[in-house]
Structure formats: C-alpha cells, structure tokens
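Good morning, colleagues. Please have the sequence and the model before you while I speak about cavities, a surface patch and salt bridges.

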Amino acid sequence: MLKILTIAMSLLLALGLFSDKYLPFLKEATIGVLFLYVLVTPKHFSTLVDKIKEAFPLFAISIILFIFGAFFPYHIDGESVINIKFLVSIVFFVIFSTFFSIHPKYIQTSLVAFGIGAGILSMLFTLGFLGESMYEIRNDRLILLGENPNSLSVRISLGILFLVWGAIENRLKLSKFYRVLLLLPIPFMFNLILFSGSKGSFLLCVGSVTLYILLLKNVSKAIKRAIVFFGIIIVFFALSFFFQSTLYERFLTSDLTSDRSNIWENALEIFIEHPIGIGEVGYKVEIYQRVGTIIDTHNLFIYLLVTGGGLALLLFVYFLYNIFIKNLRQYKKEKNIIYLLMFFSMVFVMSKTGGVLSYLIMWYFFACINGEPIKKRII
C-alpha cells in the first residue's frame, strides 16, 4: 500500500497543474495519507525529531522573515507577513525526509515514477492529446495550463535523468523490456523542453545526464559501451532538433542570464541600503519602486540576502552544506552519483529561477536526497 501511495504521489507531482485540473485534490489526499502514516506511527518519532533538527535552519529563516515583515513599515494589500507556502514546504520536507529515511527502498521507486509522470505529460502534449485551449505559445515559449515554462521544464529535465538512471542501474530489478520502455518517453520530453524555451532547463538536462554517464561506476563495460554507442546516435538526432528550435534562437539572441542580471543588480542595491534585510513585503515594495513591477530576484541566495539579511543566507548555506556533506560521504561509500547530481541540479535551479523558496518540487527532491537509510547512517 505504501509503495502504491509513493508512486501515486510522485506521478501526480510530476504531472503538475495537469493533475490539479483533471485529478483535483488527489495529490493532496495522497500526500495527506503519507503524512498521517509518518505522524501516527510511534516508532517513527525519533527519526522525525532528527529531521526536524536538520530543518532547524529553515524554521529559523521563516521566523526571521516573519519578524522583519512584522516590524518593518512596509505594507501591500492582501500580502501576509507569514510565508505560509514556505512553512508548508518545510513541513513537507521534514515529513518526507522521515518517510524516505524509514523506507529508503522507495526513493528510486519514487524518482522513477516521477520521471514516468513527466514522460506521460510530455507524450500527451507532443502527440496532440492536449487541446489548444490547454496551452499557448507566448514569446516563443510554451505556457502549459498557465504554468511557468521554467518550473515545467525543470520537472521534465530531471525526469529524463531519473528515467536514464532507472534504466541503466536497474535498482528496481525490472526486466529488459521494461528498462527499454523507461527510455521511450525521453524524445517527447526533450521536445517539451525545446518548446518551453528554457535555456537553463536545457543545460540542466544535458549537463546532468552527461555527468551521470561520465561518472557511472556500478555497471559492466558492455553496458558502458552500449551507452556510448546509443548516446552518440541520440545526441546526433537531438542536436538536429535543437538547431531547428526557437530555443536555439534564444541562445543566439540573448545572454545566458536572460536579463536576470538587471534584477540582481537592483536587488543588491536594496540590500546595500538595508544590510540587515528588509523582509519579503519590503522587497516587493522596494523592487516595485525601482523597476515598476513586483518581480522575484530569480536567485534564491540573493532573495534571502535582501529579505532576511546575511543571517538568513548563512542559515540556508549551512542547511545546504549539511546535506552536501552527508551525500558526499554516502557517495564515497556506495558510489551512487545520482543524489549529488540532484543536489547540484537544485543549486543550479535556485540560482536562476524565481519563487523557488516555496517550490514544492524542489523540497520533494531535497527530501529524497536527505532520506538516507537509518541503519546505515554515516557519522
């Protein structure tokens, strides 16, 4: 039953707004059941306490943002000084870090299911099963069900990595037929990334899969040769599609930051004027006065610096450092590179994407990364 719930949750997370529209509240119900499972089982309590301690920097950041929002003289109608979405994300991270620590065998099941969900969504779009009313092309970028193309393409990019991982290493012990089947959605997923027009997600996809293959250790030489052979063929066809896409034109006509540097400069100016931090509402007021619109910093490190000051940034870096060290030690022991790749993928995403402080998918990935086996914990 737990395995089915894990697969269902992962599929629904990958489907994003599609699941919200056509399977309303099913994702929330699935997550809620798993929450209850962790909370009401007495033997999980000590692990839950450990994960709460690990998330202490996140709770501290939430408190800092609340205090600054409450005491600084900034106000926007309808804006709360409590970031509820961030608090929900922290609780989500704690609960699922606990769940995956208790059931580490479900981590790959969950990630591969996530990849399958991303593949299903990509196939539905590419094969024309999604009506034109469900998406639009705006500025040569796909807006699917109103979702930001960057958040959509990040899910698809990492979904490709998980499918490649599941097919090659086969920790789920699938037959050859099902391992090949895992790879079938990848061309459709690559097509969706091209339609999204996201340069960052394209680089994330290519970079993470390339590094995974180069650093792969736990497979035979025959499989490695097969990977190289088929990889060359796949790259040839992928590049031919890439050079015909509008994404290629975006690489030629704009810089890699896509004008994010202007936002970063304005945000850092706000920080220089308010070095202890200005709160989330304060940032929105100040950035509006400078650029005429409320826009995220598109860099989580800068966002925390300007809203919560140096203390908030240091707390977050400390949180990331602990996760990195834990997974580095685990990699040295098990030679499984996938979690380190996920970690650096998330660092890349938070360095160029807006609104990721409460991006549930990011916290889901961090929960998977943080879900190490209890009995094999490395001290």
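The largest cavity has a volume of about 50 Å³. On a 1 Å grid over the protein atoms alone, a cavity is a set of points where a 1.4 Å probe fits but cannot get out, and lining residues have an atom within 4 Å of a point. Grid points are joined across faces, edges and corners, and the volume is the space filled by probe spheres set on the points.

Before I continue, a word on the source. This is a predicted model, in which local features need pLDDT of at least 70 and side-chain atom pairs count only at pLDDT 80 or more, while totals for chains, interfaces and linings use all residues. Residues are numbered from 1 along each chain as its sequence is written, and side-chain values use heavy atoms, with hydrogens and water left out.

Which residues line the largest cavity? They are Asn327, Gln330, Tyr331, Glu334, Asn336, Tyr339 and Leu340. Two elements give two or more residues to this lining, namely helix 16 (300-334) and helix 17 (338-350). Helices here are DSSP runs of H or I with at least four residues, numbered, together with strands (E, at least two), from the N terminus. Helix 16 provides the largest share of the lining, four residues. By character, the lining of the largest cavity divides into three nonpolar, three polar and one charged residue. In this scheme Ala, Val, Leu, Ile, Met, Phe, Trp, Tyr, Cys and Pro are nonpolar, Asp, Glu, Lys and Arg are charged, and the others, Gly among them, are polar.

By the same grid rule, the count comes to two cavities of 30 Å³ or more. The second largest cavity has a volume of about 30 Å³. Leu65, Gly69, Ser80, Val81, Glu280 and Val281 line it, and at least two of these lining residues come from each of helix 5 (56-71) and helix 15 (280-291). The lining of the second largest cavity holds three nonpolar, two polar and one charged residue.

Helix 5 leads us to the surface. Ile63, Phe66, Ile67, Phe71, Ile82, Ile84 and Val88 form a nonpolar patch there, with about 680 Å² of accessible area together. The elements giving two or more residues to the nonpolar patch are helix 5 and helix 6 (84-102), and helix 5 gives the most, with four residues. Patches are made of residues with over 30% relative accessible area and no salt bridge, nonpolar side chains (Val, Leu, Ile, Met, Phe, Trp, Tyr) being joined within 5 Å and like charges within 9 Å. Accessible areas come from the Shrake-Rupley method with a 1.4 Å probe, and for residues only the protein chains shown count as cover. Phe66, located in helix 5, has a relative accessible area of 37% and is therefore partly exposed. On this scale buried means under 20%, exposed means over 50%, and partly exposed lies in between.

Helix 6 also contains Phe92, which is buried, with a relative accessible area of 2%. The C-alpha atoms of Phe92 and Leu360 are separated by 8.0 Å, although these residues are 268 residues apart along the chain.

I turn now to charged pairs. How many salt bridges does a search of the whole structure find? The search finds 10, a salt bridge being a side-chain nitrogen of Lys or Arg within 4 Å of a carboxyl oxygen of Asp or Glu.

One of them joins Lys284 and Glu79, with the closest N and O atoms 2.9 Å apart. This pair links distant parts of the chain, since Lys284 lies in helix 15 and Glu79 in the loop between helix 5 and helix 6, 205 residues apart. Lys284 is partly exposed at 22% relative accessibility, as is Glu79 at 32%.

Helix 15 also holds Arg290 and Glu286, which are four residues apart and so separated by about one helical turn. Arg290 and Glu286 form a salt bridge, their closest N and O atoms being 2.8 Å apart. Is Glu286 buried or exposed? Glu286 is buried, at 8% relative accessible area, whereas Arg290 counts as partly exposed at 26%. Salt bridges that share partners join Glu269, Glu273, Glu286 and Arg290 into one network.

A further salt bridge is formed by the side chains of Glu169 and Arg171, at 3.0 Å from N to O. Glu169 is buried at 15%, and Arg171 is partly exposed at 39%.

Key
1 Å grid on protein atoms, 1.4 Å probe; cavity = no way out; pocket = protein on both sides within 12 Å on 5 of 7 lines; lining within 4 Å. Buried < 20%, exposed > 50% of the residue type's maximum accessible area, 1.4 Å probe, protein only.
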